[in-house]
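Biologist: I'd like to go through this one with you and ask how each label was earned. Shall we put it on screen?

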Amino acid sequence: MQETSTRLETFDLPTPPSSGLHRVFRRLWRLRFGIIGAVIIALALSAAIIPQALAPQDPYAQQLSRRLLPPVWSPGGQAEYLLGTDHVGRDYLSRIIYGSRAALLCGFLATLLSCAVGVSLGVAAGYYGGVVDSVVSNLVNVMLAFPFILLALVVIAVMGPSFVNLIVVLGLTTWTVYTRVVRAEVLVYRERDFVHAAISLGGTDLRVILRHILPNVVNTIVVLASLEVARNILREAFLSFLGLGIQPPTPSWGGMLSEGRIYMLNKWWLATFPGLAIFGATLGINLLGDGLRDLLDPHLDT
Amino acid sequence: MRTYLIRRLLQALLVCWGISLITFMMLWLKGDPTLLLLPIEATEQERQDMRQAMGFDDPLIVQYGRFMKRAVQGDFGRSFFIDEPALNLILERMPATLQLALAGLGISLILAIPLGALSAIKRGSLLDNAVTVFALMGQALPIFWLGIMLIIVFAVYLHVVPVSGYGTPRHLILPAVTLGWYLAPVTMRLTRSGMLDVLKQDYIRTARSKGLREQRVIFKHALKNASISIITVVGLQFGQLMSGSVITETVFAWPGVASLAVTSIRNSDFPVVQTAVVFLALIIVLANLCADLLIGFLDPRIRYE
């Protein structure tokens, strides 16, 4: 059974031949959601790479006389602090901008690790079959039986909440999604004629895999990885929310959400904006990922 | 059918064994269990005493055997925090988790399956687009944020439900909706694609060309066949369900197994952590097994794979 994408389809009526420019616009319009995603991500990336240029204040500067100020449009808000201040007087907007670093870095690195592990295992299982396949498949089954969150929580609680531990844990618990998909694709491609040809011409296993099979699987992996970045951002946010991720005072959206939760009964903005940031970033990546899929391989359904 | 059953059972047992292994190894992540169980200031003598008392110096195989022997008898050790058998603490909280899990699952299914099926039937329509957008947004939403927002809106500003707690159906609404929202997007998408696959089939075309009413075509032919993929989806959702429970129970302070697991992890209460992880994983294995068996029963083709 194929899963369907969440891509938004548009149906084109038959049109008369159009100018090149018209065709370009049509193509862009069809990819409009991916473009929106790309814009959002560009914003998030610039916040992560050059926060100093965008943030009005220092995210670490505490000013206890200015604590818990509401956003500028609420009564009591001040123009200096557009989104208000937190419980120790730090500018919320700046914290949110700086928080993008933790989120994006974590998401990206964790995905890189899990992709590397998952794809390798999937390729091995699909290409060699037999015992290797059995072992890997059963390993995948066991991993899937664990709620990832508990596994991650336990490991981090034991090893300590450092940035590196976070990446390692996320990477080593989320690789299964790649393995399944890659294994299935490798199984298909292994039987194709060009692979048989390469093998009979004396190509080593590594060469056959890298030069013949992998290039065909790369599209799938890229789309999957892009969507996984979003999910890793959510996971990092949750771990930080529980206090087991990025440690304060480093700004992280999940951590800010957890700090703000205590005040949620009357200082609503402390819990709202970090969540919106997480939502926005994740949505942007999902849109971009769907757009990528439409571009690279519309028949792919993850 | 019998070989299929046996094969799936053996697979499930293998997974259970893997779970027991991972749970056992938890204490050894840092190499020396006393590092986890005793505070940093403990002297070497105290560590030695503990190692002797708990048998940490024995070969791992022996310890694993001991762990398993106790486990199958129901002895998972005593909690370090509350001096009670870990098993009792978990069983006490199981009803709350099951209640929330079933309510959340129910809400997500009621929401996702009709919408998913409808969006497949009316493909390309406004409804389809709206549903797809909704699914997309639902997947991007951090669920713990949603829970907090729901509390702020419905409990703090509107006062229609209590802020947190356990007991009455009113306490169940927000957590169940949050959990349901977490599961709905994926279910919706998979239902939609399952239906789409079915609707493409020849027998649907035959039914329509026979002149059957569209309603009959959909209910009698399409849905029945799509239900296989739907059940697969529901089975797969149990893993998500447990993950979602961890988040939801934490945000709403729901007294279930998952929140106990989180607090025990924070308190380094390892017997309880191990027991909680084992139970949650077992629920997932059981659910997947039931779903697989149900599918094997409904779709004869799968039995002969």
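Biologist: Which residues does B:Ala261 contact, leaving aside its neighbours within four places in sequence?

Modeller: In this predicted model, B:Ala261 is in contact with A:Leu150 from the other chain, and with B:Val246, B:Val273, B:Ala276 and B:Val277. B:Ala261 also belongs to the largest nonpolar core, which has 163 residues. Along with A:Leu150, A:Ala152, A:Leu153, B:Ala276 and B:Leu280, B:Ala261 touches the most other members of that core.

Biologist: What makes H11(B) mostly covered?

Modeller: The count does: eight of the 10 residues in H11(B) are buried. They are B:Val257, B:Ala258, B:Ser259, B:Leu260, B:Ala261, B:Val262, B:Ser264 and B:Ile265. To be called buried, a residue needs 20 or more other C-beta atoms within 10 Å of its own.

Biologist: And what do the buried residues of H11(B) pack against?

Modeller: Their partners are helix H6 (148–159) of chain A, together with helix H5 (86–121), H10 and H12 of chain B. Just after H11(B), B:Ser268 takes a positive phi of about 55°.

Biologist: How many residues does each chain bring to the contact between them?

Modeller: Chain B gives 50 residues and chain A gives 43. On the chain B side, the elements that give two or more residues include helix H1 (2–25), helix H8 (169–199), helix H10 (214–252) and helix H11 (257–266). By class, that side of chain B has 33 nonpolar, 12 polar and five charged residues.

Biologist: Let's turn to helix packing. Why is H2(A) called oblique to H12(A)?

Modeller: Helix H2 (residues 32–49) and helix H12 (residues 269–296) of chain A pack at an angle of about 135°, with their axes 7 Å apart. Roughly antiparallel needs an angle over 145 degrees, and roughly perpendicular runs from 65 to 115. The pair fits neither, so H2(A) is oblique to H12(A). The crossing of H2(A) past H12(A) is left-handed.

Biologist: Which residues of H2(A) and H12(A) meet there?

Modeller: On H2(A), they include A:Phe33, A:Gly34, A:Gly37, A:Ile41 and A:Ala44; on H12(A), they include A:Gly280, A:Gly284, A:Leu287, A:Leu288 and A:Asp294. By class, this contact has 13 nonpolar, six polar and two charged residues.

Biologist: What does the contact of H5(A) with H8(A) look like, by class?

Modeller: It has four nonpolar, two polar and one charged residues. A:Val136, A:Val140, A:Met143 and A:Leu144 in H5(A) meet A:Thr176, A:Thr179 and A:Arg180 in H8(A). The axes of helix H5 (residues 130–145) and helix H8 (residues 176–190) come within 10 Å and cross at roughly 145°. H5(A) passes H8(A) in a left-handed crossing.

Biologist: Now the backbone. What makes the phi of A:Leu68 worth a second look?

Modeller: Most residues other than glycine have a negative phi. A:Leu68 is not glycine, yet its phi is near 55°, a positive value. A:Leu68 sits in the loop between helix H3 (51–54) and helix H4 (92–128) of chain A.

Biologist: Why is A:Leu68 called partly exposed?

Modeller: A:Leu68 has 17 other C-beta atoms within 10 Å. Buried takes 20 or more and exposed takes 12 or fewer, so A:Leu68 is partly exposed.

Biologist: And B:His159: buried or exposed?

Modeller: B:His159 has 9 other C-beta atoms within 10 Å. The cut-off for exposed is 12 or fewer, so B:His159 is exposed. B:His159 lies in the loop between H7 and H8 of chain B, and its phi is a positive value near 60°.

Biologist: How do you know that the peptide bond from A:Pro248 to A:Pro249 is cis?

Modeller: From its omega, which is near 5°. A:Pro249 lies in the loop between helix H10 (205–241) and helix H11 (253–261) of chain A. Most peptide bonds are trans.

Biologist: Last one: what is the secondary structure of each chain?

Modeller: Chain A has 12 helices and zero strands, while chain B has 13 helices and zero strands. Buried residues make up 47% of the 302 residues in chain A and 39% of the 305 residues in chain B. The C-alpha trace spans about 75 × 60 × 30 Å in chain A and about 85 × 60 × 30 Å in chain B.

Key
Residues numbered from 1 in each chain as written. Chains lettered and ligands numbered in written order. Predicted model: local features only at pLDDT ≥ 70, side-chain atom pairs only at ≥ 80, totals over all residues. Axes fitted to C-alpha atoms, helices over the stretch in contact; angles between N-to-C directions. Helix = DSSP H or I, 4+ residues; strand = E, 2+ residues; numbered from the N terminus. Parallel < 35°, antiparallel > 145°, perpendicular 65-115°, else oblique. Left-handed = near helix turned anticlockwise from the far one by under 90°. Contact = placed C-beta atoms within 7 Å. Nonpolar A, V, L, I, M, F, W, Y, C, P; charged D, E, K, R; others polar. Core = buried A, V, L, I, M, F, W, Y, C linked by C-beta atoms within 7 Å.
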